[in-house]
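Biologist: Could you take me through one part of this protein up close? I'd like to see how a single strand sits among its neighbours and how that fits into the whole chain.

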Amino acid sequence: APQPHSQPCYADQTPAKMPLLVLICCLAAGLRGVAASGFTCTASSGRTDCLDALDGNISSAWISAETMPQWLEISTGDGEFIKIGSYTITAALGSLATSAPTAWRLEGIKGDDKYIMDEVSGRTLQAGQTAIRELTGLTAYRRFRLTLLSSGATAVALAELQLLQKVTYTFDLGAWSDCSVSCGGGNQQREVTCRGDDGLTYHSSRCSTGQAPETTRGCGFAACACKGGLLCTSSCTDSGSVHPQLGCQAVLDGLMTTSWTSARSTPQWLQFDLGSADKRVVAFSVSIGNCAACTATEAPSSISLQASSSGADGGSWVNAWPQQ
């Protein structure tokens with residue numbers, strides 16, 4: 001007949017560092033620092049002790065002495081009810097890997113009644129491989145039975161069975177960094193971390209029930225002082241724009257987030273009137289801004305600069321750059 005086994009639990013160990021054997025025991029105490037007297041495990045049969053599947057050591061394993069189905073049962077030592085949010089099963093090492101379970105069922109037990117918590121079939125585990133199973137519809141139990149329905153051999157070998165408490169996950173939002181610019185449009189970042197109420201950090205998918213909080217956002221949208229040099233006091237016209245707000249004035253507003261966008265294909269032009277007095281221009285620059293509605297292929301690939309001393313209504317234009 002199966003014989004129960006007990007193991008003491010130590011309240012001065014944290015879940016992140018304690019051996020698996022102690023972890024499962026302390027889960028029975030609700031991880032509130034209250035020491036439990038221990039827990040018991042029984043098995044339907046065994047060439048090795050059932051605690052070999054609960055000792056946190058994958059080099060040891062519980063091995064059944066009979067053919068499928070076989071079962072392993074864990075009970076909380078102090079009779080405390082606990083909620084299990086997930087569990088893991090690890091295949092044995094070496095030649096015992098062929099005896100890894102391929103189908104199993106986890107049940108919670110109340111009195112003489114068993115309630116299915118999870119059921120798996122058609123699973124193949126390699127040596128030392130761990131299957132992680134998340135549970136839903138959580139109910140508290142103080143006895144759990146893992147029934148091994150089939151394996152790759154006549155008997156079954158199980159290196160580890162780990163029961164994990166239900167953890168609540170929330171996003172921990174860091175402070176926004178300083179904006180990358182003071183004007184003209186920039187961005188700022190913050191750290192977003194998914195944490196469980198057990199104090200550990202998890203992948204963001206554990207926290208997300210919809211759209212995860214943003215880690216980058218735009219900022220510094222105030223217009224910068226005009227950077228157009230002589231053009232800052234000039235008037236302008238253009239060959240046509242797709243929208244009045246995307247006309248020639250967009251190249252003088254100090255914002256990298258606005259751009260003049262022509263209405264037609266090249267060649268297109270921008271014209272600036274610097275006033276009645278002649279001006280000596282020694283250099284010019286063109287900036288390609290950030291455009292959410294266009295592509296990089298719409299940036300100019302060939303530019304020429306022409307000048308006239310007679311104004312827009314008369315005189316001739318001469319090439320200022322590229323020079324002839």
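Modeller: Happy to! Let's begin with the surface: this is a predicted model, and its protein chain exposes about 18,800 Å², with carbon and sulfur atoms supplying 50% of that area. Buried residues account for 30% of the 324 residues in the chain. The chain has 20 strands and one helix. If you count contacts between residues at least 6 apart in sequence, 65% of them join residues at least 24 apart.

Now for the close look, at strand E6 (101-110). E6 is mostly covered, as seven of its ten residues are buried. On one pairing, E6 meets E9 in the antiparallel sense over eight bridges; there, Ala-103 has Ser-150 of E9 as its bridge partner. E6 also runs antiparallel to E7, and seven bridges join these two strands. In that pairing, Ile-109 stands opposite Lys-114 of E7. Two residues lie between the strands in the hairpin of E6 and E7, where Gly-111 takes a positive phi near 65°.

E6 also has a place in the interior. The largest nonpolar core has 30 residues, and Trp-62, Tyr-87 and Leu-161 touch the most other members. E6 supplies at least two residues of this core, and so does each of several other strands, including its partners E7 (113-120) and E9 (143-151). There is also a second, separate core of five residues, among them Ala-61, Ile-63, Ala-92 and Ala-159. In soluble globular proteins, nonpolar side chains tend to be buried together.

Notes: Residues numbered from 1 in each chain as written. Predicted model: local features only at pLDDT ≥ 70, side-chain atom pairs only at ≥ 80, totals over all residues. Heavy atoms only, no water. Helix = DSSP H or I, 4+ residues; strand = E, 2+ residues; numbered from the N terminus. Buried < 20%, exposed > 50% of the residue type's maximum accessible area, 1.4 Å probe, protein only. Contact = heavy atoms within 4.5 Å. Areas by Shrake-Rupley, 256 points an atom, 1.4 Å probe, with all protein chains shown as cover. Core = buried A, V, L, I, M, F, W, Y, C linked by side-chain atoms within 4.5 Å. Pairing = 2+ DSSP bridges.
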